[in-house]
Amino acid sequence: MARRPGNRSSGVSGAAAGSNQGFGDGHGHFFIDFYEQGIERTLHFKRQGAGYVVECVCFLEWSPVNSSEVFEREKLMDMFRKVLTEFLTFMSRATIDDAIRRAILDWASGAGF
């Protein structure tokens, strides 16, 4: 069983979707960390040709049947757009402070999708 390092950052590492070089670090590498959600998994995205290889790394006893898949860039972008749309729909209905709502909408408008 893989153990998660205690000081590792979590969340999304650099999703500069509008970049001509790709996502994340400028070389098409980034990750999404689901540690706080209690599933303790990280999805690693690596640019490969016109698409991305997505690898699931689990820090619990469970392991995926296929630890990696290849996605076309546009299909991956469509998935991210759908997640963003669902998130914004939820946030538009949530009972939150208007300043927080504006901050989220400002962030979303610059997300490059």
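Me: What makes strand 2 and strand 3 count as a pair?

Reply: Happy to start there. In this predicted model, strand 2 (residues 41-48) and strand 3 (residues 51-58) are joined by eight bridges in the antiparallel sense. The cut-off for calling two strands paired is at least two bridges, so these strands qualify. You can look at individual partners too: Lys46 is bridged to Val53 of strand 3, and Arg47 stands opposite Tyr52 in strand 3.

Me: What links strand 2 to strand 3, and which residue in the turn has a positive phi?

Reply: The two strands form a hairpin with two residues between them. Gly49 sits in that turn and has a positive phi of about 60°.

Me: Why is Glu40 worth pointing out for its phi?

Reply: Most residues other than glycine have a negative phi. Glu40 is not a glycine, yet its phi is positive, about 45°. Look for Glu40 in the loop between strand 1 and strand 2.

Me: How do you know which strands are the edge strands of the sheet?

Reply: Begin with the order. Four strands form an open sheet, arranged 1-2-3-4, with antiparallel pairing. Strand 1 (29-33) and strand 4 (68-72) each pair on one side only, and these are the edge strands. Neighbouring strands of the sheet are turned by 25° against each other on average, direction ignored.

Me: What supports the pairing of strand 1 with strand 2, and of strand 3 with strand 4?

Reply: Strand 1 and strand 2 share five antiparallel bridges, and strand 3 and strand 4 also pair in the antiparallel sense over five bridges. With at least two bridges needed, both couples are therefore paired. For a closer look, His29 has Lys46 of strand 2 as its bridge partner, while Tyr52 stands opposite Phe71 in strand 4.

Me: What makes you say that helix 1 packs on the sheet?

Reply: Its contacts do. Helix 1 (residues 73-93) touches strand 1, strand 2, strand 3 and strand 4. The direction of the helix makes about 95° with that of strand 4. In the protein as a whole there are two helices and four strands, following the pattern β-β-β-β-α-α along the sequence.

Me: Why is strand 1 called largely enclosed?

Reply: Four of its five residues are buried, so the rest of the structure largely encloses strand 1. Strand 3 earns the description as well, because six of its eight residues are buried. For the protein overall, buried residues make up 28% of the 113 residues.

Me: Which residues form the largest nonpolar core, and which elements supply at least two of them each?

Reply: The core has eight residues: Phe30, Ile32, Phe45, Tyr52, Val54, Phe71, Leu76 and Phe80. Strand 1, strand 3 and helix 1 each supply at least two residues of this core. Val54 is a nice residue to click on: leaving aside neighbours within four places in sequence, Val54 is in contact with Leu43, His44, Phe45, Ser67, Ser68, Glu69 and Phe71.

Me: How do you know that Cys56 and Cys58 are not joined by a disulfide?

Reply: A disulfide is a covalent bond between the sulfur atoms of two cysteines. The sulfur of Cys58 lies 6.2 Å from the closest cysteine sulfur, in Cys56, which is too far for a bond. The cut-off is within 2.5 Å, so this pair does not meet it. A search of the whole structure finds zero disulfides.

Me: Are Cys56 and Cys58 buried or exposed, and what are their relative accessible areas?

Reply: Cys56 has a relative accessible area of 16%, and Cys58 has 9%. Buried means under 20%, so both cysteines are buried.

Me: Why is Gln48 called partly exposed?

Reply: Gln48, found in strand 2, has a relative accessible area of 45%. Buried would need a value under 20% and exposed a value over 50%, so Gln48 falls in between and is partly exposed. Leaving aside neighbours within four places in sequence, Gln48 is in contact with Val53 and Val70. The C-alpha atoms of Gln48 and Glu72 are separated by 9.2 Å, with their positions 24 residues apart along the chain counted as the spacing.

Key: Residues are numbered from 1 along each chain as its sequence is written. This is a predicted model: local features need pLDDT of at least 70, side-chain atom pairs count only at pLDDT 80 or more; totals for chains, interfaces and linings use all residues. Side-chain values use heavy atoms; hydrogens and water are left out. Axes are lines fitted to C-alpha atoms, for helices over the stretch in contact, and angles run from 0 to 180 degrees between N-to-C directions. Contact means heavy atoms within 4.5 Å. Buried means under 20% relative accessible area, exposed over 50%, partly exposed in between (1.4 Å probe, protein chains only). A nonpolar core is a set of buried Ala, Val, Leu, Ile, Met, Phe, Trp, Tyr and Cys residues joined through side-chain atoms within 4.5 Å.
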